[in-house]
Each structure stands twice: as C-alpha cells, then as structure tokens.
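Let's take a quick tour of some aromatic rings and one helix. Have the sequence and the 3D view ready.

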Amino acid sequence: AGKAERQYLWTMLGEYYLRLQEVEQTRRMWRMVAEADENNAGIRLKLFDLARQVGDEMAMLEVLADVERLSGKYSSEWKYVEASRLVWQVRNDVVDKDALARASKLLKEAGQQRPEWQEVVILQAEIASLEADVERTIELLQQSLKLGSPNPATIRRLVELLIAYRRDNEAEEAMGFLETSWRPPWADKIQATFELKRGNKE
C-alpha cells in the first residue's frame, strides 16, 4: 500500500479502537499518521481531542504548539484547540469561569473562518452547559447533529438532557442519528425505555 493508503488505514484503525475505548491503541495509530505526515493538521486535532478526553494537559500543549507551527495563531484550527484547552481547564478547576469568555470569543472567530464546523458547535454547547444554560446547550447539540457524522458521545449527552426535561420525541429523533451498523449498548437501553413508555400508553 502507498503512503496515503497506509495513513488512511491507521486513521480508521484509530477510530475503531476509540469505539472500543482502547485509548492507547488509538493514540498509537494516530501518532503514526502524524509522524508520517508532518503537515497533517486534521490528525493533530484528533490527537488533541484524545488528550483532552484522558486529561493529558502536556499532550494538549504539544498539539497546540504543533498546530501553531503548521497553521499559525490566527487559524481556525489553533483557535479551536486553544478554546478547547481553556474549556477543559475550567471544567477541571484549573482556571476560573472567566476563561469561558475568551474561549467563546475564539470559537466565534473560528466559526466565522470555518462555518458549519461541527466541533466548534459541540464545544460551544459545552460552554453553555458550564454556564448552566440548558436550553442553549440542547439547541447547539441539536444543531451539531446536522453538521456531519455525529459522535455517539454527543448524541448520548443530548438524548440524556432531553429525557431529563421530558422531551422524549426530540430524544428519539436524536437517536435516529446513530449509525445502524454499530449501536452502543446504552442506545438499546434507552430505546427499550421509549418502547415501554409507548406500551404503557396504549
């Protein structure tokens, strides 16, 4: 296989391992892609999100520096990564909530530079959640589903919020965005709950 085919295979294997929650295997695959292609900003964004997921701030800073080298501080990619790092810091009480204003500003600029970027909208939803704005969180998560192939974790967040606020019809609609080829176990449990409720009404 050629260089591009190998990188595609490693990227897809990383996605597969991520679904199995094999974080280290995912990181290994995606680092192989990053090392093979020093100019691949997309894989670095994936590595950043992975580092954030496991709370590895050193790895986040490494990717941030890498993105700055590749794209510069005025790029949408750098603004997204820095905003994401700030949100992670607020969520983990590293800095206070004042940092959310800077994160929001960076995301607004990134969204203007790259409209309909799904990750930006998902991160804006996380900021709304940290600000305890439930309606805005739901609205942004619903918007994100229409901007690309949704992450099952994002769908779960939205579905659980909607169920908590007794908006079952919208929750079922959100469940429809899950891939039919692979449904996480939690999805079947929630679907069974919907069917049980329907059965009780009939």
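Y16 is partly exposed, with a relative accessible area of 48% (buried means under 20%, exposed over 50%, partly exposed in between, using a 1.4 Å probe and protein chains only). Keep in mind that this is a predicted model, where local features need pLDDT of at least 70, side-chain atom pairs count only at pLDDT 80 or more, and totals for chains, interfaces and linings use all residues. Residues are numbered from 1 along each chain as its sequence is written, and side-chain values use heavy atoms, leaving out hydrogens and water.

**Aromatic pairs**

- Y80 and W117 form a tilted aromatic pair, 5.1 Å centre to centre with 45° between the planes (rings of Phe, Tyr and Trp, with its six-membered ring, pair if their centres lie within 6.5 Å; planes under 30 degrees apart are stacked, over 60 edge-to-face, the rest tilted).
- Y80 sits in helix α5 (residues 76-91) and W117 in the loop between α6 (99-113) and α7 (118-130), so their pairing ties together parts 37 residues apart in sequence (helices are DSSP runs of H or I, at least four residues, numbered from the N terminus).
- Y80 and W117 are both buried.

**Helix α3**

- Helix α3 covers residues 41-54, which makes 14 residues.
- From first C-alpha to last, α3 reaches 20 Å, close to the 20 Å expected at 1.5 Å a residue (that is 1.5 Å times one less than its number of residues).
- Among the buried residues of α3 are I43, L47 and F48.
- Right after α3 comes G55, whose phi is positive, near 75°.

Methods: Helices (H or I, at least four residues) and strands (E, at least two) are DSSP runs, numbered from the N terminus.
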